[in-house]
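Colleague: I'd like a close look at a single part of this one, and then how that part sits in the rest of the chain. Could you walk me through it?

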Amino acid sequence: MDIAEVARKSGLPASALRYYEEKGLIASVGRQGLRRTFAPGVLDQLALIALGQAAGFSLDDIGAMFSPDGQASIDRKSLSAKADEIDRTIKRLKAMRNGLRHAAVCPAPSHAECPTFQRLLRAASAGELAPRMRKPVRLVRSKA
């Protein structure tokens, strides 16, 4: 398949295909005039790349999941660790969602008087609602 056909079938622009080739994620098998050509299996590789990206893996992580011949060689521990990370993200986002929903309908005269909202603030201040990739920002409360 030439690069235009791969682009059409995968939904990716040719520039992305060239970039993936440059990064070693896919490999062309030759040229048809000036156009790169790819084996039909490249579509499966591109699907794996898309799946990896959707799961939050970097292109470098994804590249490490392919053997030199382009076959998938996926580390199961890496998949399990990513699934655990996604579970933590889901838990954090659910807590945030629930807190925001409560704050939107809370009967307290002000959010400052709402125990649930105060717990949400403390969790945010402790970095419990921030993604783990970044260092949490600590809020300093005034005594006023």
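Which residues does leucine 17 touch, not counting residues up to four places away in sequence?

Modeller: Happy to, and keep in mind that this is a predicted model. Leaving out residues up to four places away in sequence, leucine 17 touches Ile3, Val6, Ala7, Ser10, Leu12, Ile26 and Leu46. Now for the core around it. The largest nonpolar core has 16 residues, and Leu17 is among those that touch the most other members, along with Tyr20, Ile26, Leu46, Ile49 and Ile62. Two of these, Ile26 and Leu46, are also on the contact list of leucine 17. As for where the core comes from, the elements that give two or more residues to it are helix H1 (3–10), helix H2 (14–22), H3 and helix H4 (59–63). Apart from this core lies another one, of seven residues, including Ala103, Cys114, Ala123 and Leu129.

Let's stay with helix H3 for a moment, which covers residues 42–54. Three of its residues are worth picking out. Glutamine 45 is found in helix H3, and it is buried because its relative accessible area, 14%, is under the 20% cut-off. Setting aside residues up to four places away in sequence, glutamine 45 touches Leu25, Ile26, Phe66 and Gly70. So which residue turns up in the contacts of both glutamine 45 and leucine 17? That would be Ile26.

Leucine 43 lies in helix H3 too, but leucine 43 counts as partly exposed, at 26% relative accessibility. Once neighbours within four places in sequence are left aside, leucine 43 is in contact with Met1, Val6, Lys9 and Ser10. Val6 and Ser10 should look familiar, since leucine 17 touches them as well. Further along the helix comes alanine 50. Alanine 50 is partly exposed, with a relative accessible area of 42%.

Just past that helix, serine 58 has its place in the loop between H3 and H4. With a relative accessible area of 34%, serine 58 is partly exposed.

Now for how this part relates to the rest of the chain. From leucine 43 to histidine 102 there are 59 residues along the chain, and their C-alpha atoms are separated by 46 Å. Alanine 50 and glutamate 128 are 78 residues apart in sequence, with 30 Å between them in space, C-alpha to C-alpha. Serine 58 and leucine 100 are 42 residues apart along the chain, and a 31 Å gap separates their C-alpha atoms.

Over in helix H5, which runs over residues 76–105, you'll find lysine 91. Lysine 91 is exposed, with a relative accessible area of 65%. Its C-alpha is 9.2 Å from that of leucine 129, although the two are 38 residues apart in sequence. Leu129, you may recall, is one of the residues of the seven-residue core.

Zooming out, the chain has six helices and two strands, and along the sequence these follow the pattern α-α-β-β-α-α-α-α. The radius of gyration is 23 Å, well over the 15 Å that the globule rule gives for 144 residues, so the chain is more spread out than a compact globule. The C-alpha trace spans about 75 × 30 × 20 Å along its principal axes. Buried residues make up 24% of the 144 residues. Among contacts with a separation of 6 or more, 41% are between residues 24 or more positions apart.

Last, the surface and the charges. The chain exposes about 10200 Å², and carbon and sulfur atoms supply 56% of that. There are 24 positive and 14 negative charges, and their mean positions are 10 Å apart.

Definitions and conventions:
Residues numbered from 1 in each chain as written. Predicted model: local features only at pLDDT ≥ 70, side-chain atom pairs only at ≥ 80, totals over all residues. Heavy atoms only, no water. Helix = DSSP H or I, 4+ residues; strand = E, 2+ residues; numbered from the N terminus. Rg over C-alpha atoms; globule rule 2.2 N^0.38 Å. Buried < 20%, exposed > 50% of the residue type's maximum accessible area, 1.4 Å probe, protein only. Contact = heavy atoms within 4.5 Å. Areas by Shrake-Rupley, 256 points an atom, 1.4 Å probe, with all protein chains shown as cover. Lys, Arg positive; Asp, Glu negative; His and termini not counted. Charge placed at Lys NZ, Arg CZ, Asp CG, Glu CD. Core = buried A, V, L, I, M, F, W, Y, C linked by side-chain atoms within 4.5 Å.
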